[in-house]
Amino acid sequence: MKDFMLGLAFMAAGAIVYVVAQGFPTMPSLQYGPSLFPSLIGGGFMIGGLILAISHGGALKGVTHGIAWRPDPERMRNLLLSLLPALAIVFYILASEWLGTMLCLAVIMFVMMLARRTSPILALGISIVAALVIDLVFSRYLLIPLPEGLLSLWG
């Protein structure tokens, strides 16, 4: 039952990511735009969720025979951890224009590492360094324009 519900959740999250990504502006000089990767990720989530839901669809038979699903705290934590990447993508899509790519990536990585029980100081350090490196690679070397957000006010 848990995997079936998780598959449905991934399908819903993928659909949301895909729909939001379609509203991104296009770049006239390129054949692809900023919506390409989020659309691919959303499509992958939908396909993966569909496969997961179909492969565990038999779990619904147990529910109809009076077997109740009782979530314990560890199962709920694992379910939330598996939904965290989809939530991170939605957060990035909604907040990157305002916060900027670097801050969004740092927040996402920090939260994901804390969710996996990494020490807060280590998580903070790695999040900041990784966000700086990713921003540097994409904006300086690959010349992909990334939202600067709040950091553009300082520079």
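**Cores, a patch and three residues**

Mentor: In this predicted model, the largest nonpolar core is built from seven residues: Leu6, Phe10, Ala13, Phe45, Leu79, Leu83 and Ala86. Helix H1 (2-21) and helix H4 (73-99) each supply at least two residues of this core.

Trainee: What makes a set of residues a nonpolar core?

Mentor: The set holds buried Ala, Val, Leu, Ile, Met, Phe, Trp, Tyr and Cys residues, joined through side-chain atoms within 4.5 Å. Another core, of six residues, lies apart from that one, and Leu105, Ala106, Met109 and Ala131 are among them. In soluble globular proteins, nonpolar side chains tend to be buried together.

Trainee: Before we go on, what is the small print?

Mentor: Residues are numbered from 1 along each chain as its sequence is written, and side-chain values use heavy atoms, with hydrogens and water left out. Since the model is predicted, local features need pLDDT of at least 70 and side-chain atom pairs count only at pLDDT 80 or more, while totals for chains, interfaces and linings use all residues.

Trainee: Why is Ser96 called buried?

Mentor: Buried means under 20% relative accessible area, exposed over 50%, and partly exposed in between (1.4 Å probe, protein chains only). Ser96 has 6% relative accessibility, so Ser96 counts as buried. Ser96 sits in helix H4; helices are DSSP runs of H or I, at least four residues, numbered from the N terminus. Leaving aside neighbours within four places in sequence, Ser96 is in contact (heavy atoms within 4.5 Å) with Phe91, Thr101, Cys104 and Pro147.

Trainee: And Ile121, why is that one called exposed?

Mentor: Its relative accessible area is 73%, so Ile121 is exposed. Ile121 belongs to helix H6, and its C-alpha atom is 9.7 Å from that of Phe110, 11 residues apart along the chain.

Trainee: Why is Phe138 called partly exposed?

Mentor: Phe138 has a relative accessible area of 33%, which falls between the two cut-offs, so partly exposed is the right label. Phe138 is placed in helix H6 (residues 120-141).

Trainee: What makes Phe138 eligible for a nonpolar surface patch?

Mentor: Patch residues have over 30% relative accessible area and no salt bridge (a side-chain nitrogen of Lys or Arg within 4 Å of a carboxyl oxygen of Asp or Glu); like charges are joined within 9 Å, nonpolar side chains (Val, Leu, Ile, Met, Phe, Trp, Tyr) within 5 Å. Phe138 is at 33%, so the area condition is met. The patch covers about 780 Å², and its members include Phe138, Val137 and Tyr141. Such areas come from the Shrake-Rupley method with a 1.4 Å probe; for residues, only the protein chains shown count as cover.
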